[in-house]
Amino acid sequence: MPLVVAAVREDDLLRYAQVYEAAFSPGSGPAISAVITPPSARTPEHEAAAVQETLARAQKRFTSSTVFFRKVTDTDTNETIAFARWEIYHEERTWDQVMEDTKQSPPPKGVNEKAWNAIFGYIQDARREFMGTRPHCLLGILMADPAHQGRGAGAMLLKDGTQKADQDSLECQLEASRAGQKLYERFGFKVVKEQIFHLQDYGGEGDDSNCVMIRPARSSQISADI
Ligand SMILES: CC(C)(COP(=O)(O)OP(=O)(O)OC[C@H]1O[C@@H](n2cnc3c(N)ncnc32)[C@H](O)[C@@H]1OP(=O)(O)O)[C@@H](O)C(=O)NCCC(=O)NCCS
């Protein structure tokens with residue numbers, strides 16, 4: 001299986017935005033994604049605009065000194081199939097900095113604002129509540145192209161990022177969709193909070209959930225044994 005992990009380059013960011021839109025689309029992504037942008041609103045124009053907005057956000061983050069942006073490429077086809085975006089905070093931050101770093105992006109045009117604010121408000125609150133100002137490693141995004149899920153790319157990116165955290169003995173935090181939770185547990189993350197979203201509150205059906213998960217700091221010696 002010719003999959004390799006490497007650093008994301010600036011010219012990968014369009015692919016990143018395309019994989020993001022595909023991985024978080026109804027049927028592939030968490031159930032709440034289908035409520036944020038219902039299938040009826042997913043016109044080709046909406047999709048193209050969403051990719052451009054995701055690209056603009058990624059380009060802004062790309063230059064940040066805290067970002068650790070990684071990809072998995074299939075070397076047979078030269079196609080990049082999965083991405084992880086970590087934020088690594090080596091130093092204690094001030095609360096002003098934390099508030100700046102956890103500022104919620106405004107809802108893009110055409111999305112269900114109430115659902116957007118519910119999920120992203122919860123995520124930003126979790127980042128302030130659990131790690132606060134402490135040094136840590138945050139998994140901001142993990143995603144695989146739906147056409148390539150289940151090939152081990154997600155696990156490779158988690159191994160890569162947690163090894164990086166262990167080099168500096170940093171705690172890690174993430175907010176897990178239902179699809180990701182088991183994988184994260186395998187890498188030593190434990191649930192510290194679960195949030196249920198009743199989708200009828202946002203015009204949908206059924207429910208979805210998301211967990212805040214934390215992995216304690218450890219040294220590289222211990223993580224090499226996983
Ligand atoms: C979660 C995600 C990143 C996993 O990436 P991946 O490359 O498919 O992961 P892996 O191939 O390493 O598989 C890891 C585990 O995920 C599960 N999994 C992966 N693809 C799956 C699929 N299509 N259906 C069901 N489970 C799947 C498997 O349980 C697998 O565990 P196993 O090794 O015990 O079989 C990917 O499914 C995804 O992008 N999902 C949509 C976006 C999302 O929810 N991201 C996580 C946000 S926290």
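A salt bridge here is a side-chain nitrogen of Lys or Arg within 4 Å of a carboxyl oxygen of Asp or Glu. Keep that in mind for the first two exercises.

Some ground rules before we start. This is a predicted model, so local features need pLDDT of at least 70 and side-chain atom pairs count only at pLDDT 80 or more, while totals for chains, interfaces and linings use all residues. Residues are numbered from 1 along each chain as its sequence is written, and side-chain values use heavy atoms, with hydrogens and water left out.

**Exercise 1.** Find out which parts of the chain the salt bridge between E129 and K193 links.

Step 1: check the distance. The two side chains meet at 3.5 Å, N to O.

Step 2: place the partners. E129 sits in helix α5 and K193 in strand β6 (residues 190-198), 64 residues apart. Helices (H or I, at least four residues) and strands (E, at least two) are DSSP runs, numbered from the N terminus.

Step 3: look at the exposure. Buried means under 20% relative accessible area, exposed over 50%, and partly exposed in between (1.4 Å probe, protein chains only). E129 comes out partly exposed at 49%, and K193 is partly exposed at 27%.

**Exercise 2.** Work out how many salt bridges there are, then examine the pairs D145 with R15 and R215 with D166.

Step 1: the count is 17 salt bridges.

Step 2: take D145 and R15, whose closest N and O atoms are 2.9 Å apart. D145 lies in the loop between β4 (136-144) and α6 (153-167) and R15 in helix α1 (residues 13-23), so this pair ties together parts 130 residues apart in sequence. D145 is buried at 12%, whereas R15 is partly exposed at 21%. There's a network here too: salt bridges link R15, E79 and D145.

Step 3: turn to R215 and D166, which meet at 2.9 Å, N to O. R215 is in strand β7 (residues 207-215) and D166 in helix α6, so parts 49 residues apart in sequence get tied together. Both residues are buried.

**Exercise 3.** Decide why C137 and C172 don't make a disulfide.

Step 1: recall the chemistry. A disulfide is a covalent bond between the sulfur atoms of two cysteines. The cut-off used is a pair of cysteine sulfur atoms within 2.5 Å.

Step 2: apply it. The sulfur of C137 has its closest cysteine sulfur in C172, 4.3 Å away, so it's too far for a bond. The total is zero disulfides.

Step 3: check accessibility. C137 is buried at 0%, and C172 is buried at 0% as well.

**Exercise 4.** Describe what surrounds the ligand and list some of its polar contacts.

Step 1: collect the shell. A residue is near a molecule if one of its heavy atoms lies within 4 Å of it. The shell has 19 residues, and the closest are A144, G150, G152, G154 and S177. β4, α6, β5 (172-176) and α7 (181-186) each supply at least two residues of it.

Step 2: pick out polar contacts (between ligand and protein, pairs of N or O atoms within 3.5 Å).
- A backbone N or O atom of L142 lies 3.0 Å from a ligand nitrogen.
- A side-chain N or O atom of Q149 is 3.4 Å from a ligand oxygen.
- A side-chain N or O atom of S177 is 2.8 Å from a ligand oxygen.

Step 3: get the burial. Taken alone, the ligand exposes 890 Å², and the protein buries 67% of that (accessible areas by the Shrake-Rupley method, 1.4 Å probe).

Notes:
A polar contact is a pair of N or O atoms within 3.5 Å; within protein, one must be able to donate a hydrogen and the other to accept it, and residues adjacent in sequence count only if both atoms are side-chain atoms.
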